[in-house]
Every structure is written in C-alpha cells, then in structure tokens.
Amino acid sequence: MTKGLVADIQRASIHDGSGIRTTVFLKGCPLSCRWCHNPECISFEKQIMFYPEKCIHCGRCIEGCYSGARVVCGREMTAAEVLAEVTEDKAYYGEDGGVTFSGGEPFAQRDFLNEAVDLCRKNGIGCAAETSLIYFDEEILRKLDFVMADMKIWDSCLHKEYTGVPNEKIKENFKRLNTLGIPIVARTPVISEIEQGIDKISEFMRSLCNVVKYELLPYHPLGVAKQQALGMETVRFAVPDKDFMTELKSKYEFDTGLSVGQI
Ligand code: SF4
Ligand code: SF4
C-alpha cells in the first residue's frame, strides 16, 4: 500500500462540507498563498513546529515533548490506517457527512488519495475533497460526492504574485470539473488589501451550472503563529471589517439552495 504523509486528522468538523465530517489534512502543496492558514501543509516533508511560549525548558526533547512546545508535523500512514481512524466517526456521518480530504493540496499525493478514497467508499463512507484545482484528476474526482475549491484572485499576474502560480489552469479546471456533473462549493478567501476581482470571480462561478454555492471567507490570521513555529517568514493581513464582509457577501455570494447530493 502507498504511504501518505498526513499532517492531521480532525474529527467532528462542520466547516469542511455537508454534515459532520472528518477532515484528513495531507502534507504538500505546490501553491504558497501568503495568507495560508495551514502553512504546515505546504512542505512535502515532515517538519518540527516549535512554540517557545509552551517550552518549560525541561531538556527532554530527545524523549519527546510533553508540553506541546515541540511538535512533529507529518505522519506516514497507509490508506488502511486512515480508514481505521475515520471509521471511529462513522456513526456520526449520517447521510450527508463523511471524510473530506484537504491539505495542503490532497491531489499532490495522488496515489495515496486514490487508495484512501477507494477504501472509504468500499466501507460506505462518503468522500469529498478541498482542492486548489491546480491538478485535474478525473479518475479520483468522479468518485467524490462533492468538491470544495477556491478561486483566490481573478487576475493571473496578481494570483502568481500572492500564491506562487498563475491561475489559467485553475480556471480551466473549474470548467472541466463543471462538465463532470460533480457538485462544487466554490470559495474565495477575502483579503481586503488585494484587488481580488471578486465581482468577476462571482460572475464566473454563476456561469458554472454545478456550482451549488459560492462563499466568501474572511481572512483569519490563524496561520501566523504556525508560520512562526515553522521558522517561516510571517505575513499578516488585516482582518476584513464586519460591515465590509456583509456588503461583499450580499453582492457576490450565492447559494442555489441545492444540497451537494442534488446535482
Ligand atoms: S521537551 Fe519540550 S518543553 Fe522540554 S525543553 Fe524540549 S521543547 Fe522545551
Ligand atoms: S492552496 Fe491552500 S494549502 Fe496551498 S498554500 Fe494556498 S491556502 Fe495553503
């Protein structure tokens, strides 16, 4: 069995798709969004995260840190080991819930993702993915109940400046995904300092008949402490004002009212 590198498995999530879900965060992403709230999922390698404020200077680092100051991010797991963990939550999934593979970019560990999705489905667990759509893997996509995908910035040059990659392929992959008939939940993280072209993104999403919902998510500085713990350069944006978000949402968000199972 292929081994995957898993950053974390979060249980009882209600923010990663429909119903109650278990979210499996895979390590590795070819993008490097400056506002990334999971910077520990960008590298494809295991990493040590150090939180100095939690260190009690006990000098026992070699034995393992019990104060949570020094944390290893990245666990090699087989798909069967992932299944064993997510099965513990199966009773809570109901009709809509299941597993969301996230990251990082889950499709970057393609073979592992494929095996994990197959095993979950064989065991009656629904699967979804949260992806940047930088990849388009039709074989895996067709096995998913729905896909959550971001369009972060409309202008490709600006997209490259803030995420490290241009966005032509991502736009194309949104169109290709739309033709597969898989429900799409589209999202944009809102960074008020950047001209993201949210009006154009919203218009684009409305033109895709399988986008059941378009959501605007306010930037949250959750990733800054993790950037520090990883020894990365820290980047902090302003948290968008509540009134600004309300106005933006009323203009550009939409919800077709269809559940992800209704396409
Ligand atoms: S084991 Fe943890 S708390 Fe102890 S010195 Fe090392 S990092 Fe600090
Ligand atoms: S695509 Fe997602 S995981 Fe990758 S860098 Fe951007 S925000 Fe982080």
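Reader: How do β2 and β6 run, parallel or antiparallel, and how many bridges join them?
Author: Parallel. In this predicted model, 5 bridges join strand β2, residues 21–26, to β6.

Reader: Which residue in β6 is the bridge partner of T22?
Author: V99 is the partner of T22. V99 also has a bridge partner in β7, namely C127.

Reader: And how many bridges join β6 to β7?
Author: There are 3 bridges, and the two strands run parallel. Strand β7 covers residues 127–131.

Reader: Is β6 buried or exposed?
Author: Mostly covered. Strand β6 spans residues 98–102, and 5 of its 5 residues are buried.

Reader: Step back. What is the strand order in the sheet?
Author: The order is β5-β1-β2-β6-β7-β8-β9-β10-β11. That makes 9 strands in an open sheet with mixed pairing.

Reader: Which strands stand at the edges?
Author: β5, residues 75–78, and β11, residues 254–255. Each has a single partner strand, so one side of each has no neighbour in the sheet.

Reader: What packs on the sheet at the β11 end, then?
Author: Helix α7, residues 198–206, packs there and touches β9, β10 and β11. The direction of α7 makes about 160° with that of β10.

Reader: Now β5. In what sense does it pair with β1?
Author: Antiparallel, over 4 bridges. Strand β1 takes in residues 3–13. One of the bridges puts G4 opposite M77 in β5.

Reader: Anything odd in the backbone? Which residue of β1 has a positive phi?
Author: A12. Its phi is about 55°, although A12 is not a glycine. A12 lies in strand β1.

Reader: Is A12 buried or exposed?
Author: Exposed. A12 has 11 other C-beta atoms within 10 Å, and the cut-off for exposed is 12 or fewer.

Reader: What about L133, what is its phi?
Author: Near 60°, a positive value again in a residue other than glycine. L133 sits in the loop between β7 and α4, the helix at 138–141.

Reader: Is L133 buried or exposed?
Author: Buried. L133 has 24 other C-beta atoms within 10 Å. The threshold for buried is 20 or more, so L133 qualifies.

Reader: Where is the cis peptide bond?
Author: Between G103 and G104, with omega about 15°. G104 belongs to the loop between β6 and α3.

Reader: Let's do the core. How many residues are in the largest nonpolar core?
Author: It has 58 residues. A116, V147 and I184 have the most contacts inside it. Helix α3, residues 110–122, gives the most to this core, with 6 residues.

Reader: What does I184 touch, leaving aside neighbours within four places in sequence?
Author: F146, V147, A149, L177, N178, L208, N210, V211 and V212. V147 is itself among the residues with the most contacts in the core.

Reader: Switching to ligands. Which residues are around ligand 1?
Author: C55, I56, H57, C58, G59, R60, C61, C65, S67, A69 and R70. By class, that shell has 6 nonpolar, 3 polar and 2 charged residues.

Reader: And which residues come nearest to ligand 2?
Author: C29, L31, C33, C36 and S132, out of 13 residues around it. The shell of ligand 2 has 6 nonpolar, 6 polar and 1 charged residues.

Reader: Back to loops. Where does I20 lie?
Author: In the loop between β1 and β2. I20 is partly exposed, with 18 other C-beta atoms within 10 Å.

Reader: What does I20 touch, not counting residues up to four places away in sequence?
Author: A12, I14, Y92, Y93, G94 and G97. So the A12 with the positive phi is one of the contacts of I20.

Reader: What separates the C-alpha atoms of I20 and D111?
Author: A distance of 26 Å, with their positions 91 residues apart along the chain.

Reader: Last one. Where is V235 found?
Author: In the loop between α8, 222–230, and α9, 242–252. V235 is partly exposed, with 15 other C-beta atoms within 10 Å.

Reader: What separates the C-alpha atoms of V235 and E253?
Author: They are separated by 27 Å, and the two residues are 18 apart along the chain.

Terms used: Residues are numbered from 1 along each chain as its sequence is written. Chains are lettered from A and ligands numbered from 1 in the order in which they are written. This is a predicted model: local features need pLDDT of at least 70, side-chain atom pairs count only at pLDDT 80 or more; totals for chains, interfaces and linings use all residues. A residue is near a molecule or strand if its C-beta atom, placed from the backbone, lies within 6 Å of it. Ala, Val, Leu, Ile, Met, Phe, Trp, Tyr, Cys and Pro count as nonpolar, Asp, Glu, Lys and Arg as charged, and the others, Gly among them, as polar. Two strands pair if DSSP finds at least two bridges between them. Two residues are in contact if their C-beta atoms, placed from the backbone, lie within 7 Å. Axes are lines fitted to C-alpha atoms, for helices over the stretch in contact, and angles run from 0 to 180 degrees between N-to-C directions. A nonpolar core is a set of buried Ala, Val, Leu, Ile, Met, Phe, Trp, Tyr and Cys residues joined through C-beta atoms within 7 Å.
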